[in-house]
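Please examine the model below, with attention to how its elements of secondary structure are arranged and which residues bring them together.

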Amino acid sequence: MLTTPEAWDPRETSRQALRKRMLPRIRVVQTDDQVIAMARDMLKATGLHGHEYAIHAILATVAGRNRAGS
């Protein structure tokens, strides 16, 4: 599961206010089999792997799908 706590760093106080303003704007979306397959294909095409790149690929896939639906 992709969660906002992954981005939270209690040692970094300068951006805490910004994060508090941004949290209500986050939209939660379902990652279905199609999103996972598209993200996996993106990673395969680029030769990248690992947790960080997987998150980026999923976000790019969801953003692209939402943009196409707009």
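The paragraphs that follow move from the chain as a whole to one helix pair, and then to individual residues.

The structure is a predicted model. Its chain contains three helices and zero strands, so the order of elements, read from the N terminus, is α-α-α. Of the 70 residues in the chain, 14% are buried. Where contacts link residues at least 6 apart in sequence, 38% of them join residues at least 24 apart.

Attention now turns to the packing of two helices. Helix 2 spans residues 33-46 and helix 3 spans residues 51-69; their axes are 9 Å apart and meet at an angle of about 120 degrees. Because of this angle, helix 2 is classed as oblique to helix 3: the value lies outside the range of 65 to 115 degrees that counts as roughly perpendicular, and it is not over 145, as roughly antiparallel would require. The crossing of helix 2 with helix 3 is right-handed. From helix 2, the residues that make the contact are Gln34, Val35, Ile36, Met38, Ala39, Met42 and Leu43, while helix 3 contributes Tyr53, Ala54, Ala57, Ile58, Ala60, Thr61, Val62 and Arg65. Sorted by class, this contact of helix 2 with helix 3 comprises 12 nonpolar residues, two polar residues and one charged residue.

The largest nonpolar core can be read against that contact. Six residues form this core, namely Val35, Ala39, Leu43, Ala57, Ile58 and Val62. At least two residues of the core come from helix 2, and at least two come from helix 3. One of the core members, Ala39, touches Ala57, Ile58 and Thr61, when residues up to four places away in sequence are not counted.

Thr61 merits separate consideration. This residue belongs to helix 3. Is Thr61 buried or exposed? Its relative accessibility is 4%, and Thr61 therefore counts as buried, since the cut-off for that class is under 20%. Leaving aside residues up to four places away in sequence, Thr61 touches Val35, Met38, Ala39 and Met42.

The last of these partners, Met42, is located in helix 2. Its relative accessibility is 33%, which means that Met42 counts as partly exposed, a class that lies between the 20% and 50% limits. With residues up to four places away in sequence again excluded, Met42 touches Ala57, Ala60 and Thr61. Met42 and Ile58 are 16 residues apart along the chain, and 9.1 Å separates their C-alpha atoms.

Taken together, the contact between the two helices joins Met42 of helix 2 and Thr61 of helix 3, of which Thr61 counts as buried and Met42 as partly exposed.

Key: Residues numbered from 1 in each chain as written. Predicted model: local features only at pLDDT ≥ 70, side-chain atom pairs only at ≥ 80, totals over all residues. Heavy atoms only, no water. Axes fitted to C-alpha atoms, helices over the stretch in contact; angles between N-to-C directions. Helix = DSSP H or I, 4+ residues; strand = E, 2+ residues; numbered from the N terminus. Parallel < 35°, antiparallel > 145°, perpendicular 65-115°, else oblique. Left-handed = near helix turned anticlockwise from the far one by under 90°. Contact = heavy atoms within 4.5 Å. Nonpolar A, V, L, I, M, F, W, Y, C, P; charged D, E, K, R; others polar. Core = buried A, V, L, I, M, F, W, Y, C linked by side-chain atoms within 4.5 Å. Buried < 20%, exposed > 50% of the residue type's maximum accessible area, 1.4 Å probe, protein only.
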